[in-house]
Amino acid sequence: MAKIVILTFDVEHDCPPFAETKEGMKKGLPRIMKLLEEFGIRGTFLFTGRIAEEFPELAERAGKKHELGCHGLEHERFDRLSYEEARQRLMEAKAILSRFGDVISFRAPNFQFPDEYYRILAELGFRVDSSKAKHKGWKSGITEISGILEVPATTTSIITRLPWGLQERFHRGFESPIIYIFHPWEFVRMPRTLRPDCWFGTGEGALEKLRKLIEFHLNSGARFLTLREFYEEYQKLKRE
Ligand SMILES: [Zn+2]
């Protein structure tokens, strides 16, 4: 069976909470979208509500040519919020993002989202989540939590910033579906005054590595899906 690859992008200001700049939005995200569109591949772009308000043309492009999803309102840590506050913020984020597209996919900032809050996602019309991660200790694979399909992330974005010769064997070994995570700020050079994981491997070379990654999977016959498309296929298989 062909492997399934899902390219997801957490669309936020630069390396939160360690920087306040938005170079990734100004330069990185347009480069990413252009590359994917050249290949005819659709990505899943999970915007914070605030960044969508500030960069409406990019949110609109995500909604039209790709999949637009949600990454919180202002990159808050949901595990530090009460149920009601989490609900208010998610409601506001959903309302903003819905101006640009139909939003059913979610990923919490920092992979921090309490299981009991999945009910909020269901209530607000989300259908699929990718807030769990294998590198954060999640063992169960794909599952359902309060009616939301949980599709855990496969790997951190540190792997995809390694020199290509070092990362290739990881891609070969990943089990399908492979859910990658990228950020717009990785595609511009981040200053070395930030933490190493904020600047390591960032810059224009990141775009070349993303191109290599796409070509690698295309050559091995993989299928590229958005989170929404994966959700829809999964539901169909379940019915059959
Ligand atoms: Zn984030």
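**Exercise 1. Work out what share of the contacts in the protein chain with a separation of 6 or more comes from residues 24 or more positions apart, then look at the overall build.**

Step 1. Contact here means heavy atoms within 4.5 Å. Among contacts with a separation of 6 or more, residues 24 or more positions apart account for 66%.

Step 2. A quick word on the ground rules: this is a predicted model, where local features need pLDDT of at least 70 and side-chain atom pairs count only at pLDDT 80 or more, while totals for chains, interfaces and linings use all residues. Residues are numbered from 1 along each chain as its sequence is written, and side-chain values use heavy atoms, with hydrogens and water left out.

Step 3. Now check the radius of gyration, taken over C-alpha atoms, against the globule rule of 2.2 Å times the number of residues to the power 0.38. For 240 residues a compact globule would come out near 18 Å, and the protein chain's 17 Å agrees with that. The C-alpha trace spans about 45 × 45 × 35 Å along its principal axes.

Step 4. Count the elements: the protein chain has 9 helices and 9 strands. Helices (H or I, at least four residues) and strands (E, at least two) are DSSP runs, numbered from the N terminus.

Step 5. Finish with burial, where buried means under 20% relative accessible area, exposed over 50%, and partly exposed in between (1.4 Å probe, protein chains only). Of the 240 residues, 55% are buried.

**Exercise 2. Find which residues coordinate the zinc ion and where Glu 12 and His 75 sit.**

Step 1. Donors are N, O and S atoms within 2.8 Å of the metal (3.2 Å for Na, K and Ca); water is not among the atoms, so sites may look incomplete. Three residues show up: Glu 12 through OE, plus His 71 and His 75 through NE2, at 2.0 to 2.1 Å.

Step 2. Read the spacing along the chain: it's E-x58-H-x3-H. Glu 12 lies in the loop between β1 and α1, and His 75 in the loop between β3 (67–70) and α4 (83–97), so this pair ties together parts 63 residues apart in sequence.

Step 3. Check burial: Glu 12 and His 75 are both buried.

Step 4. Bring in the record. An unreviewed UniProt entry annotates residues 3–127 as "domain: NodB homology"; positions follow the numbering used here, feature names are shortened, and annotations may be inferred rather than shown by experiment. Over residues 3–127 the chain is 43% helix and 14% strand.

**Exercise 3. Sort out which cysteines form a disulfide, and why Cys 70 does not bond to Cys 15.**

Step 1. A disulfide is a pair of cysteine sulfur atoms within 2.5 Å. The rule gives 1 disulfide, and the partners are Cys 15 and Cys 198, with 2.0 Å from S to S.

Step 2. Get the handedness: the angle about the S-S bond is -70°, so the link of Cys 15 and Cys 198 is left-handed.

Step 3. Place the ends. Cys 15 sits in the loop between β1 (4–11) and α1 (23–39) and Cys 198 in helix α7 (residues 196–199), so the bridge ties together parts 183 residues apart in sequence. Both Cys 15 and Cys 198 are buried.

Step 4. Now Cys 70: the closest cysteine sulfur, in Cys 15, is 20 Å from its own, which is too far for a bond. Cys 70 counts as buried because its relative accessibility is 0%.

**Exercise 4. Find which peptide bonds from Pro 16 and from Ser 176 are cis or trans, and where phi is positive at Cys 15 and Ser 146.**

Step 1. Know the background: most residues other than glycine have a negative phi, and most peptide bonds are trans.

Step 2. Take the peptide bonds. Pro 16 to Pro 17 is cis, with omega near 0°, and Pro 17 is in the loop between β1 and α1. Ser 176 and Pro 177 are also joined by a cis bond, omega about -5°; Pro 177 falls in the loop between α6 and β8 (178–182).

Step 3. Then phi. Cys 15 has a positive phi near 30°, and Ser 146 has one of about 50°.

Step 4. Locate Ser 146: it's in the loop between β6 and β7 (148–150), and its 38% relative accessibility makes it partly exposed.
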